[in-house]
Amino acid sequence: MTSSSIGPLSLRDRHIVALKQILNLNTPPSSISSLSTVDTAWKVLIYDELGQDIISPLLTVKELRGLGVTLHISLKSDRDPVDEIAAVYFIMPTKENISRIGKDVAEGLYESYYLNFIAPIPRDLLEDLATVVLESNSQQNITKIYDQYLDFITLEDDLFCLRQVGKDSISYYALNRPQMRDVDMDEIIKKHVDCLFSVCVTLGSIPIIRCPIGEAAGIIGLKLDEKLREHLRDHRNSLFSSDSVTIGSLSFQRPLLVILDRGTDLASLLHHTWTYQALAHDVLDFKLNRVEIEEVDESIVLNDGRHPSKRRTYDLIPTDKFWKQQKGNPFPIVAESIQEELERYRQSEDEVKRLKSAMGIEGDTQDLAIGLLNNTTSKLTSAVSSLPELLEKKRLLDAHTNIATALLDQIKKRKLDIFFETEEKLMTKQVQEKILMEVLSDPAAGTPEDKLRLFLIHYICTPTMTQTELDQYMTILRGSNCTCLDAITYIKRWKSISNMNIVSQTREGGTTTMGMFSNLVNKASKFAMEGVKNLVVKQYKLPVTKIVDNLMECRSSPETDDYRYFDPKLRSTDNTNVVRNRQGFNDAIVFMIGGGNYIEYQNLQDYAKTRSTTTATKRIIYGCTELVNASQFLEQLAKLGQ
């Protein structure tokens, strides 16, 4: 697998290489390029839930077929025996999974077994596996057992999370629940450390770690430093061999790993957004690079006068050029770009139709393709070669048109542009309380949840609020039928015990309202944008980005001066004084404990682009325990407030 751009491989590239090696029956490549000629011996791929979550954003079904996978199936499903074929397992080492492997081996489902554990298998479970295999006298069928250190989900070149939302007990709620026992906290800390260790192994880099003192981030930073040190002592079994480092490292310079607690910035997880990717995550069902929307078929009318609807799924992947270019742009720009692309497509289609008419060929596009193939003129050969590309472009444009239409429907229905603009002003201290009251009291503005999010941002960003003022807002919210009001109880408690300066949750920035959309107001447009503000977002740094900027530039700041400094390669365990003597970093991994979102991810990517020069490219990988949208985070806050 080669990188999509000249330079070091991305985290996504590295993850794909590791998966391909697993499907190549763990034949170690002499170089990355050697994996382009993968062994096509037929095999069955068996995964658990996490294994499926890891694979699905990285390899398509077509790519799996190209790697010799004839069947991919869940470990828990009922499976029939398949003769003379290897089975590749990609699973977590759990008692339940070990028991199921033992059952598969005893029933002789496959000829040989290649067991790849996503995380290292503990000794007691390895002994359990040996016992169940020996009991069925099938040990000769177990070909290989591997610890893979791939315990995280990579979604983009510079984006990863540890788990899908709700799939594991490492959420913000799990970390902050009042009945937390020490043993539970230790388990959560260990899970984070093991997953971050896997990220370091996959990248082939030993980072320099910075984290705040105390709370979960400080403990995880300390434990990760200890784990890396312990591993580096064992030179014979090092996962950071010279080959691994050469292939996987971000650059010749070691990266900075910044570990942060979610309490650094709660407001951003509740914020209404205005960029394409973040908006899709906020208002649509978007997970693991796949968005699901409900499409109404207006050509059919049911007996009750309604139109039938169906759920459609679209993959939003890095090979989609339009998605790659537009995902971080404000929605109005995206809508305008779709319109322009549709116009270009229609021009190309008209050219093909003109050629078809000139040749006297009748029928649809497929018939045209057959007719063109039978002609040897250079013009027709060119048309034939461009036809598949044209059809693929049309498919992607249709997908983005449908997604953007679904987003626009939500924007209009809920007045999301008003909420976004008001929140931007709230967080930058540019809005009057009267305007906030008007939005919260407007029955036509947004859902009850939208109003609760707006108020919570105001509450978080306001250093002091009297009980009388709070009661006044609560009355308005109850009148708007807001549920999840327990979230306010939690935020009140969080503000009272948090040692963070609440003022740090505010930021610079804001929005500008431009003139009405140039190309999108005409009646022929696919997008009728009347009534929606054309908001242009001013570039600014979120609290997380400010912290990362200070640490990457080794700049003194009250926010970060007391951050701990760990270098696993140095003998001393805490080298805070060393930071003064270091030059800045070009590569960073930012990890947010307690959940993250696409708003922070995009803000960090924008910062990296603006700070890159012709001689030095800044690169930031963003990771989090789980990618949560505001709705999911609000539920967690409400549970904590009960």
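1. Tyr 113 is buried in this predicted model, with a relative accessible area of 0%. Its ring forms an aromatic pair with that of Tyr 110. The centres are 5.9 Å apart and the planes stand at 70°, an edge-to-face arrangement. Tyr 110 has a relative accessibility of 5%, so this residue counts as buried too, the cut-off being under 20%.

2. A second edge-to-face pair is made by Tyr 598 and Tyr 601. Their ring centres lie 6.4 Å apart, which falls within the 6.5 Å allowed for a pair. The angle between the planes is 70°, and the pair is classed as edge-to-face because this is over 60 degrees. Both residues belong to helix 22, residues 598-611, where they are 3 residues apart, about one turn of the helix. Tyr 598 is buried at 4% relative accessibility, and Tyr 601 is buried at 4% as well.

3. These two tyrosines are also members of an aromatic cluster. The cluster is made up of Tyr 276, Phe 286, Trp 323, Tyr 598, Tyr 601 and Tyr 622. The count of aromatic pairs comes to 15.

4. Two lysines are placed over aromatic rings. The charged end of Lys 639 sits 4.1 Å from the centre of the Tyr 173 ring, over that ring. Lys 227 lies over the face of Phe 197, and here the distance to the ring centre is 5.1 Å.

5. Is Arg 262 buried or exposed? Arg 262 is buried, since its relative accessible area is 1% and the limit is under 20%. The residue is in the loop between strand 9 (256-261) and helix 10 (267-270). Its side chain makes a polar contact of 2.5 Å with the side chain of Glu 600. Leaving aside neighbours within four places in sequence, Arg 262 is in contact with residues including Tyr 172, Leu 269, Met 592, Ile 593 and Phe 633. Gly 594, Gly 595 and Gly 596 are also among its contacts, as is Tyr 622, a member of the aromatic cluster in point 3.

6. The largest nonpolar core contains 87 residues. Those with the most contacts inside this core are Leu 45, Phe 90, Leu 284 and Ile 620. Helix 15, residues 378-414, provides the largest share, 9 residues. Apart from this core lies another, of 41 residues, with Leu 454, Met 474, Phe 633 and Leu 637 among them. In soluble globular proteins, nonpolar side chains tend to be buried together.

7. What does Leu 45 contact, leaving aside its neighbours within four places in sequence? Its contacts are Leu 23, Ile 55, Leu 64, Val 69, Leu 71, His 72, Ile 73, Val 88 and Phe 90. Phe 90 is itself one of the residues with the most contacts inside the largest core.

8. Ile 403 is found in helix 15 and is buried, with a relative accessible area of 1%. With neighbours within four places in sequence left aside, Ile 403 is in contact with Tyr 276, Leu 284, Val 291, Ile 293, Tyr 314 and Leu 316. From Ile 403 to Ala 280 the C-alpha to C-alpha distance is 8.0 Å, although 123 residues separate the two in sequence.

9. Ala 280 and Tyr 276 are both in helix 11 and both buried. This helix, residues 276-283, is mostly covered, with 8 of its 8 residues buried. Gln 277, His 281 and Asp 282 are among the buried residues of helix 11.

10. How many disulfides does the whole structure have? The search finds 0. Why is Cys 482 not bonded to Cys 484? Cys 484 holds the closest cysteine sulfur, but at 9.2 Å it is too far for a bond, because a disulfide needs the sulfur atoms within 2.5 Å. Cys 482 is buried at 8% relative accessibility, and Cys 461 is buried at 2%.

11. For the chain as a whole, there are 23 helices and 17 strands. Of its 642 residues, 53% count as buried. Among contacts between residues at least 6 apart in sequence, 77% join residues at least 24 apart.

Notes: Residues numbered from 1 in each chain as written. Predicted model: local features only at pLDDT ≥ 70, side-chain atom pairs only at ≥ 80, totals over all residues. Heavy atoms only, no water. Phe/Tyr/Trp six-rings, centres within 6.5 Å; stacked < 30°, edge-to-face > 60°. Buried < 20%, exposed > 50% of the residue type's maximum accessible area, 1.4 Å probe, protein only. Helix = DSSP H or I, 4+ residues; strand = E, 2+ residues; numbered from the N terminus. Lys NZ or Arg CZ within 6 Å of the ring centre and 35° of its normal. Polar contact = N/O pair within 3.5 Å; in protein donor to acceptor, adjacent residues only side chain to side chain. Contact = heavy atoms within 4.5 Å. Core = buried A, V, L, I, M, F, W, Y, C linked by side-chain atoms within 4.5 Å.
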